[in-house]
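Trainee: Before we look at the picture, could you help me practise setting each value against the rule behind it? I would like to learn how a term is earned.

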Amino acid sequence: MAEEVSSQMNSLSISETNPSSSATISLVSGDDIVFKVEPTIAKEMETVQSFIDETDGKITTIPLPNISSHDLPYVIEYCEKSIAGKITKEFEAEFVKKLNNEEVKELFLAANYLNIKKLLDFLSQVIADRIANKSVEYVRRYFGIENDFTPEEEAKLREELAWTFTGVDPDDEDEN
Amino acid sequence: MTKAELDRISFLPDHLIDRILSDLPTMEVVRTSILSSKWKNKWTAQPNLVFDKQCVSAAASQDSKLLRIIDHVLLVHDGSINKFEISSSINDLNSVTSVDIDRWILHLIKKSIKVLVLDVWIGEYYKIPWCLFSCQSLLHLKLSFCRVKPPTKFEGFKKLKSLELKHVTVTQNAFDKLINGSPLLERLLLEHFDGFTEIHIDAPNLKFIEFTGKFEDISFDNTPQLAAAYFNLSFYQNRLNGRSNNLLNLFDHLPRLKSTLICTHFLKYLASGVVPLELPTPCMNLRTLYLEIDFNDLKQISVVLCLLKSSPNIRKLALSVPLKKKNALLTNASYCWENLFSLPAMPLIVRQKIIVKPDVNVNSILMTKLISLRKASVHAEVVNYGGSDSQFFSS
């Protein structure tokens, strides 16, 4: 992985001849797909912006090895809406409707890597909503947690925590 | 979930898990201790403890164990507590007494609590313990069904930014100290209060204020930042010994006001005394104006006219007729609207919307008159408005 990044960095130096501040920024996904975005979009991504700042704007192609070409368009779409001041409840509802649990988690990781505070806050709430009132088994699967309690230990805990189970899905009704 | 999906589950790092947990109600967070031994104590580091209505009634339904549960959570919790909230419905807190809440508050103060929400009914108003008044870490304080009687040496909350008091009893002296002694206060919400009748606001950082209830006099002294003020006075009795120029006094001290709601009783308050044709200093920043008008009261109409003439930048104007006046007959006073909006030299230009909120039984002639307000401006749109007041201010 490290080699791949450094080879990309070498090829970047060619584009250093264009330091104009209005130049588009090229974001390169982990699977080597280039996404051209306006500099204002890059500003939303703190990690990208600090990279640009560190090189005085000379480097406009940014490798993002941790983010796939599947996730990056979603991130860009959210940033575009954010800049336009058009993040509404309706937009957010539509935005997450398209995403399955796994994609939400991947975008959450991407938002964390790029340091986009609004997207992080939003996705954190989305995940919280998706696991709220879900059965213990469901949440274990969601986070990939291995249950290491003995049946006796778990039964005892369930009894102690009985009050927290009000309104929670039963264990067998959580497929999907 | 298919086997394939299970295999490519991405593991979230701990700090992101903590972030998700911070968005969950405490009941959900505590339940995660059953996930695995690694998770068993993860919740104890969560800085926000929120016992919302759902959580409290769930806990209360378990043989009145609420008291034991909150005690347990506070005892086992490890680290600092940023937020503590209890919101209960009536009857859920049967087993909880003021002594218990006193104990929790004492504990929270030691944990440098920043956000405290107490919305509890324990059969009577809960008397806030004196120790809370020395808690200088508070940023947000929201109290309902409480008696607020601080010790005499109380000087305010130096860091407090937001204060919400609903159904509270506060003495005049305590209220003055609360407001004037909390210099960073940005947001103040008062709903159904008693114990004080004079509202004197000296708050250099205040941006938002909302009153619902009864008061005799209100004055703003040092409020250069105030942008939104909603006055829902529930009753006003004109007092001859009151201030003689309420309207002038009020707007003189609100230079940055952008959005305001004035109910009919507050109009009555503003109308007592001298009402000029125009304010000496126009409200240049006022964009959104919501007025509840008694069309049979000439004095109220004159206040409204003065306000409209003095507000050249209104973008949203809403007019509402109070419910009690449903049988109101159209008086001559109502006709001044037509004059105001149809004169070529009309001072008011509404750029976006005039909203007419019809009441079920509102006099139809009056409605026709209001609808004719379309003339106000080519850009103005008159709509029949059925939504709630809060929608109006947010749209």
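Mentor: Let us begin inside chain A of this predicted model, where the rule finds two residue pairs in polar contact across the interface of domain 1 and domain 2 of chain A, both at pLDDT 80 or more. The count of salt bridges between domain 1 of chain A and domain 2 of chain A is zero.

Trainee: Which elements give two or more residues to the side of domain 1 of chain A that touches domain 2 of chain A?

Mentor: They are α6 (101–114) and α7 (117–131) of chain A. By class, the residues on that side of domain 1 of chain A divide into three nonpolar, one polar and two charged.

Trainee: Where do the bounds of the two domains of chain A lie, and how many residues are in contact?

Mentor: The domain assignment puts domain 1 of chain A at 2–131 and domain 2 of chain A at 136–173. Six residues of domain 1 of chain A are in contact with four residues of domain 2 of chain A, and the two domains bury about 510 Å² between them, with 61% of that on carbon and sulfur atoms. On the side of domain 1 of chain A, Asn101(A), Lys105(A) and Ile131(A) lose the most area to domain 2 of chain A, and together they make up 76% of what that side buries.

Trainee: Why is the pair of Lys98(A) and Glu77(A) called a salt bridge?

Mentor: The closest N and O atoms of Lys98(A) and Glu77(A) are 3.5 Å apart, and the rule asks for a side-chain nitrogen of Lys or Arg within 4 Å of a carboxyl oxygen of Asp or Glu, so the pair earns the term. The pair also links distant parts of the chain, since Lys98(A) is in the loop between α5 (89–97) and α6 of chain A, while Glu77(A) is in helix α4 (residues 72–83) of chain A, 21 residues apart. Over all chains, the count by this rule comes to 20 salt bridges.

Trainee: What makes Arg19(B) and Asp121(A) a salt bridge as well?

Mentor: The closest N and O atoms of Arg19(B) and Asp121(A) are 2.3 Å apart, and the cut-off is 4 Å, so this pair also meets the rule. Across the interface of chain B and chain A the rule finds one salt bridge, and the count of residue pairs in polar contact there is ten, both residues being at pLDDT 80 or more.

Trainee: Which element of chain B gives the largest share of the side that touches chain A?

Mentor: That element is α2(B), with five residues. By class, the side of chain B that touches chain A has 21 nonpolar, seven polar and seven charged residues.

Trainee: How many residues of each chain are in contact, and how much area is buried?

Mentor: 35 residues of chain B are in contact with 42 residues of chain A, and the two chains bury about 3500 Å² between them, 64% of it on carbon and sulfur atoms. Arg31(B), Ile34(B) and Leu35(B) supply 20% of the area that chain B buries against chain A, more than any other three residues.

Trainee: What does the UniProt record list for residues 25–81 of chain A?

Mentor: In an unreviewed entry, UniProt places "domain: SKP1 component POZ" there, and over those residues chain A is 44% helix and 23% strand.

Technical notes
Residues numbered from 1 in each chain as written. Chains lettered and ligands numbered in written order. Predicted model: local features only at pLDDT ≥ 70, side-chain atom pairs only at ≥ 80, totals over all residues. Heavy atoms only, no water. Domains from an automatic or database assignment. Contact = heavy atoms within 4.5 Å. Buried area = accessible area lost by both parts, 1.4 Å probe. Polar contact = N/O pair within 3.5 Å; in protein donor to acceptor, adjacent residues only side chain to side chain. Helix = DSSP H or I, 4+ residues; strand = E, 2+ residues; numbered from the N terminus. Nonpolar A, V, L, I, M, F, W, Y, C, P; charged D, E, K, R; others polar. UniProt positions renumbered as here; feature names shortened; annotations may be inferred.
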